[in-house]
Amino acid sequence: MTMNRKHVLAGSACIALMGVLLFAAMAWASNAGTDAVAQAGSEMVKAGAQLGADTGVAWWVWPLVLLFFCFVLGIIAVLAGVGGGVLYVPLVSGFFPFHLDFVRGAGLMVALAGALAAGPGLLKRNFASLRLALPVALIASSCAIVGAFLGMALPTNVVQLFLGITIMGIAILLLCSKNSAHPVVNKQDALGLALGMNGAYNDPSTGELVQWKTHRTLPGLLMFIIIGIMAGMFGLGAGWANVPVLNLMMGAPLKVAVGTSKFLLSITDTSAAWVYLNKGCVIPLMAIPSIIGLMLGSFVGVRLLAKAKPTFIRYMVIGVLLFAGGKALLKGLGI
Amino acid sequence: MSDTIHTGKATPEQVTYANMLFYGCWGGLALMAVTYLLYVFGIITPHVPLEKVPLLWSQPVGTYLELGNVPTGWGWSVLIAKGDFLNFLGIVLLAGMTIVCYIPLIPAFLKRKELVFAALALAEIIVLLFAASGIVGGGAH
């Protein structure tokens, strides 16, 4: 009975993934059809600002497709253990007719909303630690502002190119990284000690009180300069980078690393989101269905997660990221 | 600091932060959903006509701002009565929650004489207010 249920769940997850790919293919096909028209109008665009090509699709179709797409994306993101932003930006910029400026703006809002919603539960259970998050957040959020400005200042093709490289790098990181549930920290370093970067949480799976402390605090904090810049530049969120640094480098237990990382996104992405918001890169018609869809999908994903063993989904997501990253890379190279 | 005995329970300031975040986040999302419905069902007239948005979102943000006559920074606040910009209420509430949640941390850390963490919290508020202010804006491609 349990096996059947698992098979059903695995089947549902596969269908969901296929649904996403199908919609992506449809959106891509539709987008490809308009590329020629857009190209034809490029001469006019050079002369002055012009409207984009008419896709011939009613205005309400895209938000509806996006809502469903993001709902499925939300399920997959939870099952694969990645944040919504890291899937949203490459897939939506690759397969929907939105300019990268707006996709990054919406991507940050998507990552921010997910992190804000998860924050209260993580903080109350002590899986997210304020003591660990505060110093890290200050560095990452300051650098995310720099990253957001860099992303807005650089030509779109250059950002696409770097986005492609980053997404492919994330896929490889997901494939190779072996997080440690309870890293061994023999001695806390001076900075970690001075900042009181230690704590404890009750692990509900074992009923144990797990004590933790950090080491290699300075190099860990320095890593968040790069992470912050990348989060702001690409609108990706940065859970994919936060977790390995907090866990493998600084020695926080995996549950604390994951919880604090998610909470951190609510701070890091806030600073970058404001930059995109102030620059007019958030279009409500596309941003809000993305946020709502992904959040609803995450709730369903969390329910499925308790029962499913989603290794297959994880590998599929890595494949999708490699594909989407490759597409962004080619777009950046103008191929 | 190293002698602190941890019980596994969240500190009071962490719980306060969590409670504020909970109500702010869900309030923001609910507001966002309501204003979006008012917008897409045409109950409140938008500044940029709905039919025109898909013609603009494939273009760089500079084009969108120019042809849509869309303001940058906090310029949207004067267009709050328009359906599309009404949506910014929920968006701004979400983007502003972290700043609000950080405020009670400062007195909480000061009370415990943790000056470094009080300073970190204050610095974070300044950074986020700087980002929110739009002081360094404009020039989007």
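**Reading chain B, its contact with chain A, and helix α9(A)**

In this predicted model, 40% of the 141 residues of chain B count as buried.

User: What secondary structure does chain B contain, and in what order along the sequence?

Analyst: Chain B has seven helices and zero strands. Read along the sequence, the pattern is α-α-α-α-α-α-α.

User: How should the radius of gyration of chain B be read against the globule rule?

Analyst: The rule gives 14 Å for 141 residues, whereas chain B has a radius of gyration of 20 Å, so chain B is more spread out than a compact globule. Along the principal axes, its C-alpha atoms fill a box of roughly 65 × 30 × 25 Å. Among contacts in chain B between residues at least 6 apart in sequence, 71% join residues at least 24 apart.

User: How many residues does each chain bring to the contact between chains A and B?

Analyst: Chain B contributes 62 residues and chain A 65 residues. On the chain B side, α1 (12–40), α2 (53–56), α3 (61–67), α5 (88–102) and α7 (115–133) each supply at least two residues. The largest share, 14 residues, comes from α1(B). By class, this side of chain B has 40 nonpolar, 16 polar and six charged residues.

User: How can the length of helix α9 of chain A be checked?

Analyst: In general, an α-helix has 3.6 residues a turn, so residues three or four places apart point the same way. At 1.5 Å a residue, the 18 residues of α9 (residues 217–234) of chain A should span 26 Å, and the end C-alpha atoms are 26 Å apart, which agrees. Of these 18 residues, 13 are buried, so α9(A) is mostly covered. Just after α9(A), A:Gly235 takes a positive phi of about 65°.

Conventions. Residues are numbered from 1 along each chain as its sequence is written. Chains are lettered from A and ligands numbered from 1 in the order in which they are written. This is a predicted model: local features need pLDDT of at least 70, side-chain atom pairs count only at pLDDT 80 or more; totals for chains, interfaces and linings use all residues. Helices (H or I, at least four residues) and strands (E, at least two) are DSSP runs, numbered from the N terminus. The expected span of a helix is 1.5 Å times one less than its number of residues. A residue is buried if 20 or more other C-beta atoms lie within 10 Å of its own, exposed if 12 or fewer, and partly exposed in between; C-beta atoms are placed from the backbone. The radius of gyration is taken over C-alpha atoms; the globule rule is 2.2 Å times the number of residues to the power 0.38. Two residues are in contact if their C-beta atoms, placed from the backbone, lie within 7 Å. Ala, Val, Leu, Ile, Met, Phe, Trp, Tyr, Cys and Pro count as nonpolar, Asp, Glu, Lys and Arg as charged, and the others, Gly among them, as polar.
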